[in-house]
Amino acid sequence: MTFDIKYMLDVLKEIIPYTPITLFLAIASMLLAGILGLGIALVKQFQIPVLKQMVAVYVSFFRSIPTIVELFLIYYGLPQVFPVFSKMEALSATILGLSLKNAAYLSEIFRAGLLSVDDGQMEACIGVGISKLYAYQHIILPQALQNALPGMSNTFISVIKESSLAFTLGLVDLFAQAKLIASDSFRFFEAYLAVAVIFWALVVIMTLFQQRLETYMQRYR
Amino acid sequence: MKINKVLGTLVTVILAAGLIAGCGSSEKKAAPSPEKVIRAGCTGVSYPDSFKENGKLTGYDVEILELAAKNLGYKVEWVNTDFAGLIGQLDAGKIDTIANNVSITPPRKEKYYFSEPFLYEGTQFVAHKDNNEINKVEDLFGKTVAGVAGSNHLKVVEQAYPNGNIKIRTYENRDGAMNDLINKRVDGYVNARNVLVATIKKANLPFKLVGDLFVIRPSAYPFLKNEKGKKLNDEFTKEIQRLRKDGTMKKISEKYYGTDVSVNPGK
């Protein structure tokens, strides 16, 4: 086994231009998943009938199936039932798949955040005449989100890495490009190490961002 | 109290699992192995080179290796993993060779010894049967064609049609590439002709061949560049030459591919 450091640097140079695709997939999926996940958490929090049962099935299904199976079903399975879906791009299919799945995970993280805010706060709000909606908007949700932030960051890191499953649908991200380069030379070890370096750098940057966000959210404490 | 009980159960389960695992490995070690062993890897999902039929591993590359090994007095121990995993296993010395249609390319030759080729393949385009606009390779110029990672079709196509401006969309595995042609999201699909013909027949796919085959490449078994690899490579190369001479390879090839892929069609 001869490790070729020069080859690794070459691969690094060749895959860095693919970082925006990975980031775009991750950020777009995380935003959509966040909105959907918050909705689900609120449905559970308020125990809305009918919707409550529907989201229970949703969360159970999307937390259970492997991501690669889900992407396959969306991209290759749907067009066979509904031909209109054959117009769907691999990019949108991946974002849709990752959003649907991670909304299920995030809903539980948001629910934990909501549960972490003491009931007494709502009672106090009602006691001083603040409306329920206003209390949620300005008092309960900000605290809930603050408590959910570490869990959300964990999910985001997973999404960054999961986005490389898009290669199954013919979308070349940085991991896929590394595989393509390595399949010619068979130097997978060097290529994978280059991938590891980039993902690590991405997560380090993201963690710095998370810390600043936490400090910002705690400004009133 | 309750937590203690749960913890107690957990510890018991873990200990029991450890005990069972321990027994398993000690039994394995105790078994006598008088035979020589060659450890080989394949994906097990690359029809018709390595695949599972009724739960048993089989295929053209698999059967030739098993036959050659048997004649040389080796027992084959198989490992199944994806393609990158196979290379990792080979480099780490966990397996001795790969039986999965490994084409010989110059950069790969720097890294491994390659046995006598047992398979020659040319690249081929296919298109959807319903697509009347595509009947020859020139019709694919400026269009998008699906390809699979690992066979580096982008380079092969560029090399053969430098002015064609054929866009290759690469997929992680064959399922993805084939499914996108079935769903007509791409205009064509490029892969080894023999693999295409065999797969279209087996899965009854709605594809038609477009144009002739181009860029012929030999496939062989790679071995690590060390003493053991050299010895295995010499032994298997001689045996593969013998199997070609006595016609066995042609017979096995016809069984899996429906045609003789063991000779170079370009010669």
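1. Domains of chain B. The domain assignment splits chain B into domain 1 (36-118 + 220-257) and domain 2 (120-217). Domain 1 is thus given as two stretches, 36-118 and 220-257. Bear in mind throughout that this is a predicted model. The C-alpha centres of domain 1 and domain 2 of chain B are 26 Å apart.

2. Where the domains touch. Eight residues of domain 1 of chain B contact eight residues of domain 2 of chain B. What is the character of the side of domain 1 that touches domain 2 in chain B? Seven of its residues are nonpolar and one is polar. No charged residue is found on that side of domain 1 of chain B.

3. Overall make-up of chain B. Chain B carries nine helices and 13 strands. It has 267 residues, and 40% of them are buried. Take the contacts in chain B between residues at least 6 apart in sequence: 75% of these join residues at least 24 apart.

4. The largest nonpolar core. This core holds 114 residues. Which members touch the most others? They are Ala178(A), Val145(B) and Tyr189(B). The largest share of the core, eleven residues, comes from helix 5 (residues 90-116) of chain A. Chain B contributes from both of its domains: the core draws at least three residues from each of domain 1 (36-118 + 220-257) and domain 2 (120-217).

5. Strand 11 of chain B. This strand covers residues 188-192, and five of its five residues are buried. Strand 8 (residues 119-128) of chain B runs antiparallel to strand 11, and four bridges join the two. Within strand 11, Tyr189(B) stands opposite Val126(B). Strand 9 (residues 144-148) of chain B runs parallel to strand 11, with two bridges between them. Here Val145(B) has Gly188(B) in strand 11 as its bridge partner.

6. Around Val145(B). Val145(B) deserves a second look, being one of the core residues that touch the most other members. Set aside its neighbours within four places in sequence. Val145(B) then contacts Val186(B), Asp187(B), Gly188(B), Tyr189(B) and Val190(B), among others. Its contacts also include Ile166(B), Lys167(B) and Ile168(B). Phe125(B) and Leu140(B) are on the list as well. Tyr189(B), one of these contacts, is another of the core residues that touch the most other members.

7. A cis peptide bond. Tyr47(B) and Pro48(B) are joined by a cis peptide bond, with omega about -5 degrees. Where does Pro48(B) sit? Pro48(B) is in the loop between strand 2 (45-46) and strand 3 (50-53) of chain B.

8. Asn101(B). Its phi is near 55 degrees, a positive value in a residue other than glycine. Asn101(B) lies in the loop between strand 6 (97-98) and helix 4 (106-111) of chain B. Buried or exposed? Asn101(B) is buried, because 24 other C-beta atoms lie within 10 Å and the cut-off is 20 or more.

9. Asn165(B). Phi is near 55 degrees at Asn165(B) too, again positive in a residue other than glycine. Asn165(B) belongs to the loop between helix 5 (153-160) and strand 10 (167-171) of chain B. Asn165(B) has 11 C-beta neighbours inside 10 Å, so it counts as exposed. The cut-off for that class is 12 or fewer. In short, Asn101(B) is buried, whereas Asn165(B) is exposed.

Technical notes: Residues numbered from 1 in each chain as written. Chains lettered and ligands numbered in written order. Predicted model: local features only at pLDDT ≥ 70, side-chain atom pairs only at ≥ 80, totals over all residues. Contact = placed C-beta atoms within 7 Å. Core = buried A, V, L, I, M, F, W, Y, C linked by C-beta atoms within 7 Å. Domains from an automatic or database assignment. Pairing = 2+ DSSP bridges. Nonpolar A, V, L, I, M, F, W, Y, C, P; charged D, E, K, R; others polar.
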